Amino acid sequence: MLEFKQGVDILSAIGGITTIGEAKKLFEERLDPEHLQRLAAITNEAALLKIANAMAMCVPDRIYIHTGSDEDRDYVRRMSLEKGEEQSLAIPGHTIHFDLPEDQGRMVDQTFYIADPAEEVSSLAKKEAREVSHAYIKEHMCGIMRGKTMYVGFYSRGPVGARASIPAIEISSSNYVMHSAELLYRNCYTDFDAEVIRRGEFFTNVHSEGTNRSEDVPKARIYMDRSWQTTFSFFCTYAGNTLLMKKGNHRFATDSAMYKHNGEELSEHMFITGMTGPGGRVTYFAGAAPSGCGKTTTAMVGSNFIGDDLAQMWIEADGSLRAVNPEIGIFGIIEDVNQEGDPYLMHCLRRPGAEVIFSNVLVDPQGKPRWTGDGEPPPEQGVNFKGAWTPATAGVPMSHPNSRCTLTAETIGNHNKRVNADPKGVVIKVITYSGRDANTMPPIWVAKNMDAGVAIGASIVSKATAAEIGASGVNRQPWANSPFVAAPLAEYLEAQFNFYGNPKMSQKPIMAGLNYFLTHEERGGSGKGLLGEKQDVHVWLGWLELFTHGEVQAIETPIGLIPKYEDLHQLFTNRIDKEYPESLYIMQFSLYIDNIIARIDLQEAAWSKEPGTSLRLLFAVYKEQKAGLLALKAAKGRIVPPGELAA
Ligand code: SPV
Ligand code: MN
């Protein structure tokens with residue numbers, strides 16, 4: 001159980017400003033008249049104290065209050081170019097930003113939850129004692145903005161007025177970070193005060209790149225003070241480590257859902273997208289996947305793309321499950337983004353019209369950004385995150401595998417801006433969970449009930465990707481949200497059961513697993529690599545769309561419901577005009593019983609180490625599935641093709 005406002009408030013202890021009178025005095029001393037007047041629009045005292053303490057701690061030369069106006073946006077962008085944090089590319093409005101070679105992904109070993117003595121955190125997370133973090137932040141953040149400008153922006157993580165939207169303050173000396181903040185979040189300067197009152201909380205983020213030198217990256221830290229809903233980040237620039245309105249505040253939003261709105265809200269690492277079905281109806285999906293496992297691609301397949309990374313969900317009074325996207329843009333992995341698989345995104349990346357920040361890709365001599373898998377012949381030379389590069393440069397890929405593109409979603413062809421701005425949110429009818437799994441689960445399986453659905457999320461395992469520095473192997477990734485869940489996992493599991501099992505949720509979604517990563521080698525195929533292609537996602541989502549409306553039947557198996565060949569064949573033809581041989585269906589949907597049982601055993605062993613009463617429900621699901629699988633194996637053997645299941 002997390003107690004809010006417990007322990008020393010580190011920001012205010014270091015800043016030393018405890019009264020609103022002191023805060024106002026500091027503003028008058030340090031802000032020029034223009035920005036003093038801008039700040040006067042904010043009257044929330046708690047927010048003003050946070051800002052004053054950040055100023056007192058970081059000691060910037062100048063303070064810039066970002067109102068979200070076109071002029072302010074332009075200024076931040078221009079200064080980013082002038083300071084060299086970004087450079088212009090050939091297409092107007094496109095820029096490149098490089099993070100230091102040591103700062104190319106989330107630094108998991110330097111990311112900590114600040115914890116009070118009795119506070120437990122997730123077994124998959126790191127904590128540090130409050131006094132240790134306090135001393136470290138004091139040592140490194142005091143005066144860190146000398147010679148720099150401190151930017152202060154006010155944002156809403158979600159449409160203003162939506163039940164699960166939460167306001168946040170982003171403070172940084174980096175123009176790149178503030179430029180990204182404006183592309184990805186809704187500036188709510190004029191609504192901030194009212195939003196804090198409506199929601200009853202706000203988040204604060206304080207970042208400085210400091211010296212921005214490779215030799216200082218080992219000193220970098222990413223701290224979440226959960227108790228005071230404040231993040232601290234320094235000596236780094238990679239947005240996942242610095243734009244903490246994104247994942248830092250997602251962590252706080254998860255705390256808020258669990259400890260302030262348990263059973264009523266969830267905060268998920270999920271895309272939100274709408275699929276058009278027969279008669280033009282639009283069915284909304286929310287889906288979780290670990291970083292670098294096709295979440296953006298899946299979201300883009302929708303006819304009504306809303307978001308690719310985060311979802312704030314709640315149960316509405318009418319019994320529906322609603323979601324809003326806390327973001328308005330994407331910070332997407334760019335590797336393997338190409339014309340064939342991602343036409344909407346490529347349009348923004350290769351033609352004028354959209355404002356885009358590319359990060360850590362290669363820039364060729366003509367100012368064209370290039371990345372691995374962009375579908376064009378490799379360039380002869382260029383500059384990338386490590387410096388000059390040619391195809392002969394040993395050991396350095398053309399672009400870093402975690403290279404990203406940052407752009408507002410409204411520039412993407414299939415984005416539905418009106419819906420993403422609606423505080424009522426969208427009604428979610430389908431929840432999906434996926435990971436990088438080469439050998440065990442089929443491309444789609446639907447949970448038989450809500451508890452089995454929660455178990456799908458609880459059981460995600462996935463191969464490590466470049467989004468996290470130093471990660472390797474195949475790991476547990478419960479709900480694909482574990483890098484952002486501070487709470488002990490059994491408490492999180494309980495919050496999941498409380499939400500999906502809440503009798504107030506009278507319009508239950510269907511819950512399904514998705515897996516795009518089965519390989520020929522593991523499934524008895526004669527080819528190499530993956531069994532499917534990116535575009536097949538249209539079919540998997542298309543089938544779920546029909547299933548939700550009761551328009552296709554499924555085959556029942558011990559792990560849930562799977563599609564029939566005829567329905568998929570028709571969808572492959574209609575949605576992507578692709579031949580879908582039955583032999584491929586059999587490779588994809590046969591149950592590899594030993595693999596599935598091994599997966600369940602592994603999950604059971606891991607979850608047994610997480611004390612909590614909610615485990616009873618999870619283990620009941622595993623037990624039932626395992627019994628069904630063993631009986632099936634006894635009757636039909638170790639590998640059971642779908643045809644034998646239907647019989
Ligand atoms: C992810 O890695 O899941 C991202 C980018 O969406 S980051 O901001 O680094 O979390
Ligand atoms: Mn993410």
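**A manganese site and its surroundings**

Visitor: How are the donor residues of the manganese ion (ligand 2) spaced in sequence?

Guide: The spacing of those donors is K-x21-H-x39-D. K247 and H269 form a pair that links distant parts of the chain, 22 residues apart, with K247 in helix α10 (residues 247-259) and H269 in the loop between β12 (265-268) and β13 (270-276); helices here are DSSP runs of H or I with at least four residues, and strands are runs of E with at least two, numbered from the N terminus. This is a predicted model in which local features need pLDDT of at least 70 and side-chain atom pairs pLDDT 80 or more, while totals for chains, interfaces and linings use all residues. Residues are numbered from 1 along each chain as written, chains are lettered from A and ligands numbered from 1 in written order, and side-chain values use heavy atoms, without hydrogens and water.

Visitor: What makes K247, H269 and D309 donors of the manganese ion?

Guide: K247 (NZ), H269 (NE2) and D309 (OD) coordinate the manganese ion at 2.1 to 2.3 Å, and a donor is an N, O or S atom within 2.8 Å of the metal (3.2 Å for Na, K and Ca), so these atoms qualify, although water is not among the atoms and the site may look incomplete.

Visitor: Why is S233 called buried or exposed?

Guide: S233, which sits in strand β11 (residues 230-234), has a relative accessible area of 0%, and buried means under 20% (exposed over 50%, partly exposed in between; 1.4 Å probe, protein chains only), so S233 is called buried. K247 and H269 are both buried as well.

Visitor: How do you know which backbone oxygen the side chain of S233 reaches?

Guide: The side chain of S233 comes to 2.8 Å from the backbone oxygen of N241. A polar contact is a pair of N or O atoms within 3.5 Å; within protein, one must be able to donate a hydrogen and the other to accept it, and residues adjacent in sequence count only if both atoms are side-chain atoms.

Visitor: Which residues offer polar atoms to ligand 1, and at what distances?

Guide: An oxygen atom of ligand 1 is 3.0 Å from a side-chain N or O atom of Y238, an oxygen atom of ligand 1 is 3.2 Å from such an atom of H269, and a polar side-chain atom of R404 lies 3.3 Å from an oxygen atom of the ligand. Of the 280 Å² of accessible area that ligand 1 has on its own, the protein covers 97%.

Note on methods: Areas by Shrake-Rupley, 256 points an atom, 1.4 Å probe, with all protein chains shown as cover.
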